[in-house]
Amino acid sequence: MSEHNQAHPSLEKYVTLLAERHTGVVVIEALVCTVLLLAALIGNSLVLWMVCKNKNLRTIPNQFIISLALADIGMATICQPPCLTVLVEGKRTYGNFVCQLQGYVIAMLACVSLLTLTLVAVNRYFLIVRPKNYQKIFTTKNTRWMIAGIWLLSLVEPLPYLCSNHRYVYHAGKFFCFQVVEVDFYTLLGYTFVAIPMIVLSFCYYNVFKALKEHNKRLQSMRRRGDQPTTVNITVEDINVTKTLFLTVCGFVICWTPISIVDFIGFGQGGWYLPREVYVMYTFLGQLSTVINPVIYGVMNKTFRDEYKKLFKWSDVADITQDSEETPHTQESKCSVL
């Protein structure tokens with residue numbers, strides 16, 4: 001076996017720690033993993049179902065939501081079940097093919113989520129900061145091509161690592177397969193797919209909230225003078241959508257920042273030496289990131305909550321669908337999942 005494919009000696013102790021857990025720990029960890037898996041699968045599937053069921057929900061903003069939901073469902077169906085079997089059995093339960101598939105899909109789908117959130121930030125930037133160019137750039141056809149490009153780019157992201165004769169290795173502490181701990185060009189290349197999107201995200205949302213702040217100041221100044229704005233470029237709905245989108249980014253960052261820190265500590269130490277509990281929380285945070293988006297939509301957006309209620313009441317499609325007399329702009333504002 002190539003030295004690039006060998007598990008680091010520091011991982012051996014986690015094999016023993018995994019096998020020697022008390023029954024209570026086994027039950028708790030397996031239960032948490034199961035709840036997160038089911039919550040991700042059910043929550044994101046409901047999002048897709050509602051968008052397919054209600055034609056008024058098929059808006060440009062919701063195309064990004066579909067992309068995020070598909071990525072999270074992929075994580076729940078492909079990557080998380082092997083983790084659950086490891087927690088239940090207390091040992092590795094799958095062969096090398098599943099190991100390589102799991103490592104590849106985790107890297108690919110994490111990239112899909114981050115790049116989709118970045119594209120959402122760019123969307124908000126043009127809507128709020130550069131509104132004159134928004135409708136020309138973010139047409140339905142262009143948006144679909146952008147999302148397709150994100151998935152294609154994400155499919156390629158793990159390939160330099162694999163083509164350089166590296167392979168994913170089983171990490172008993174994280175209970176899934178992960179890249180080797182070597183610090184070289186190919187192991188660190190993937191993190192450029194994190195750094196660049198984060199820079200774009202920061203730039204876009206900084207300018208978006210700066211523009212919203214200036215917009216509010218103008219409105220307050222006009223009200224003090226007793227003037228009424230003749231046109232409103234930024235609607236209340238646009239502001240609410242932007243805040244909700246920003247919360248999805250915050251949720252992603254909150255979950256994945258500790259994950260990145262743990263990885264960089266491992267690269268810095270040249271091995272895996274942190275307590276097992278840290279690596280368990282590492283994996284659970286990754287799973288949690290696939291759960292939170294449907295929750296954010298439901299908490300932050302009334303339209304989304306109403307659609308949930310209608311869905312669970314098994315309303316007829318005619319009751320769910322808005323009156324066709326509404327204009328396309330009004331329908332998109334009211335029926336965006338966000």
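**Exercise 1. Find which helices the buried residues of α6 pack against.**

Solution. Start with the setting. This is a predicted model, in which local features need pLDDT of at least 70 and side-chain atom pairs count only at pLDDT 80 or more, while totals for chains, interfaces and linings use all residues. Residues are numbered from 1 along each chain as its sequence is written, and side-chain values use heavy atoms, with hydrogens and water left out.

Step 1. Locate the helix. α6 covers residues 140–156 (helices are DSSP runs of H or I, at least four residues; strands are runs of E, at least two; both are numbered from the N terminus).

Step 2. List its buried residues. They are T143, I147, I150 and S154 (buried: under 20% relative accessible area; exposed: over 50%; partly exposed: in between; 1.4 Å probe, protein chains only).

Step 3. Place them around the axis. They span an arc of only 50°, so they sit on the same side of α6 (the arc is taken from the directions from the helix axis to the C-beta atoms). An α-helix has 3.6 residues a turn, so residues three or four places apart point the same way.

Step 4. Read off the partners. The buried residues of α6 pack against α3 (60–89) and α4 (96–128) (contact: heavy atoms within 4.5 Å).

Step 5. Check the other side. There, K141, R144, W145 and L152 are exposed.

**Exercise 2. Compare the reach of α6 with its expected span.**

Solution. α6 has 17 residues. The expected span is 1.5 Å times one less than the number of residues. That gives 24 Å, and the model's first-to-last C-alpha distance of 25 Å is close to it.

**Exercise 3. Trace the salt bridges and say which residues form a network.**

Solution. Step 1. Count. The model has 3 salt bridges (a side-chain nitrogen of Lys or Arg within 4 Å of a carboxyl oxygen of Asp or Glu).

Step 2. Take E29. Its bridge to R21 has closest N and O atoms 2.7 Å apart. Its bridge to R276 has them 2.8 Å apart. E29 lies in α2 (residues 23–53) and R276 in α11 (residues 276–288), so this pair ties together parts 247 residues apart in sequence. E29 and R276 are both buried. R21 is buried too.

Step 3. Take D263. It bridges to K174, with closest N and O atoms 3.0 Å apart. D263 is in helix α10 (residues 236–269), and K174 is in the loop between β1 (169–171) and β2 (176–178), 89 residues away. D263 counts as buried because its relative accessibility is 3%. K174 counts as buried at 0%.

Step 4. Join shared partners. R21, E29 and R276 form one network.
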